[in-house]
Amino acid sequence: MDVKKGPPANPAKALVVPFHGERYDDSTRLSARLAPPYDVIDPDAWAQLAELDEHNVVRLILPESNGDRYRRAAQLLKTWRARGILIADSKSSVTVVQQEFRDVQGVTRRRTGVIGAVAVEPFTARRVRPHERTHAEPKADRLALLRATETMFDALFMLAPDREEVLHRQLASATATPPTAVASLGDGSMSVWHVGDAASDSLASAASRHPLYIADGHHRYETAIAYAEENRRADRTLALIVPLRDPGLIVQATHRLVLGNDVDAERALGMLRKRFRIRELGPDDDHLEALVATQDRGTACVLILPQRRFVLLLRGSVGIGDLPSVDHTEVATLDVARVDGLAVNPVLELAGPNSTLTYTADPAAAMRAVREQRISAAILMNPPSIQQVLDVADTGGVMPQKSTYFAPKVPSGVVFLPYVTESPR
């Protein structure tokens, strides 16, 4: 899938516009019909979501696998439309979304953004900027679903610089009125405003003032580029756009979990001392507090083994030459690139030739997995700053796999973008 292709860039074309969306008919049942993005839903979660409501969006974004699953999704979508479960907007509009959630420290936050129709065009146009490398398999899956349904079911997550805070003020104005709908998903809650007429144009214009940065949804944007080659109506996709200075905008670290043989602590320390200053934590020490305390001291991580825990603080400076898998100066400055290359890889080596790596954004879950000996080791790290993510994107770099976790995820099913009619202007 060549993402350098796609519709030709047109600087005169608005980056974000209102659109004729499609929504669930009964806003009071929204909680039972939303779902997280497809790539974080495991089989158990699928079953729980499907049980909430027979019209839960999970049945469309992850159709059941018996037979042609993509055709099954298309048939189901057609049925829901015919029965009035989904209704089309009569006018172009945008959707303002405010999510309330607790961060990993337990602090309650609110993140506010607007879902608009974003231009689909090559990254070379530089109006939409990525920071991740994608993989072929999930893109092929999403492309097959798009071909069958001709509908975008969920919104990517994008960041707007909003230097003049125009978007921030417009969102504050929109959320000062009673919401159109409220919903809950997991431990969080969400308020939704369906905004039309001149206010929708103003919000879209405010979101278009500067290039947008993909925070979450790289695979879906690249899939949209590929699909636009086949369907001229599909020259836009959905994105929740959040201004950079929104007080609820946070990025969490994605921690590394090592599956394999037992890791000998002394051998690990012997390898890691070449690069890190090491301090062992006592049984009463809080490993998260110890990690956070290192943020102003340089690159650090916490190594958790079944019986012992250590804080690792990198000695001296590190450049591209010290990180064979890194070929970009901005990327070499990231804690995640340094920890992956200098701490995670040695621990993987000690866990045996068949060791593998998985990931979690939940440090407590990582700790439990080690304690219950379901994994060999965990390596916890501090998150990158949002500015670092932007710097990598601005200079054309690619962050290591699973470098960021923007929480909370944008729910699927808030509003759909059908491609069966002419696309937005």
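This passage describes two helix pairs, an enclosed cavity and an open pocket in a predicted model.

Helix H4 (residues 69-82) and helix H5 (136-149) form one of the packed pairs considered here, their axes coming within 8 Å and crossing at roughly 40 degrees. An angle of this size makes H4 oblique to H5, and the crossing of the two helices is right-handed. On the H4 side the contact is made by Arg69, Tyr70, Arg71, Ala73, Ala74 and Leu77, and these residues meet Asp141, Ala144, Leu145, Ala148 and Thr149 of H5. When the residues of this contact are divided by class, seven are nonpolar, one is polar and three are charged.

Helix H5 also takes part in enclosing the largest cavity, to whose lining it gives three residues, the largest share. Strand E7 (151-152) is likewise a contributor, in that H5 and E7 each supply at least two residues of the lining. The complete lining consists of Ile61, Arg142, Leu145, Leu146, Thr151, Met152, Phe153, Asp154 and Arg220. Leu145 thus appears both in the lining of the largest cavity and in the contact of H5 with H4. The space within this cavity comes to about 90 Å³, and the count of cavities of 30 Å³ or more is one. By class, five of the lining residues are nonpolar, one is polar and three are charged.

A second helix pair is formed by H6 (residues 166-174) and H7 (residues 197-207), which pack with their axes 8 Å apart at an angle of about 150 degrees. Because angles over 145 degrees count as roughly antiparallel, H6 and H7 are described as roughly antiparallel to each other. The crossing of H6 with H7 is left-handed. Val166, Leu167, Gln170 and Leu171 of H6 make this contact with Ser202, Leu203, Ala206 and Ala207 of H7. Six residues of the contact are nonpolar and two are polar, whereas no charged residues are present.

Turning to the open spaces, the second largest pocket holds about 360 Å³. It is lined by 20 residues, of which Val104, Gln105, Val251, Gln295 and Pro383 are the closest to its centre. Strand E13 (250-252) and helix H10 (287-292) each supply at least two residues of this lining. Overall, the lining of the second largest pocket divides into twelve nonpolar, six polar and two charged residues.

Note on methods: Residues are numbered from 1 along each chain as its sequence is written. This is a predicted model: local features need pLDDT of at least 70, side-chain atom pairs count only at pLDDT 80 or more; totals for chains, interfaces and linings use all residues. Side-chain values use heavy atoms; hydrogens and water are left out. On a 1 Å grid over the protein atoms alone, a cavity is a set of points where a 1.4 Å probe fits but cannot get out, and a pocket is an open set with protein on both sides within 12 Å along at least five of seven lines; lining residues have an atom within 4 Å of a point. Grid points are joined across faces, edges and corners, and a volume is the space filled by probe spheres set on the points. Helices (H or I, at least four residues) and strands (E, at least two) are DSSP runs, numbered from the N terminus. Ala, Val, Leu, Ile, Met, Phe, Trp, Tyr, Cys and Pro count as nonpolar, Asp, Glu, Lys and Arg as charged, and the others, Gly among them, as polar. Axes are lines fitted to C-alpha atoms, for helices over the stretch in contact, and angles run from 0 to 180 degrees between N-to-C directions. Angles under 35 degrees count as roughly parallel, over 145 as roughly antiparallel, 65 to 115 as roughly perpendicular and the rest as oblique. A crossing is left-handed if the near helix is turned anticlockwise from the far one by less than a right angle, and right-handed if clockwise. Contact means heavy atoms within 4.5 Å.
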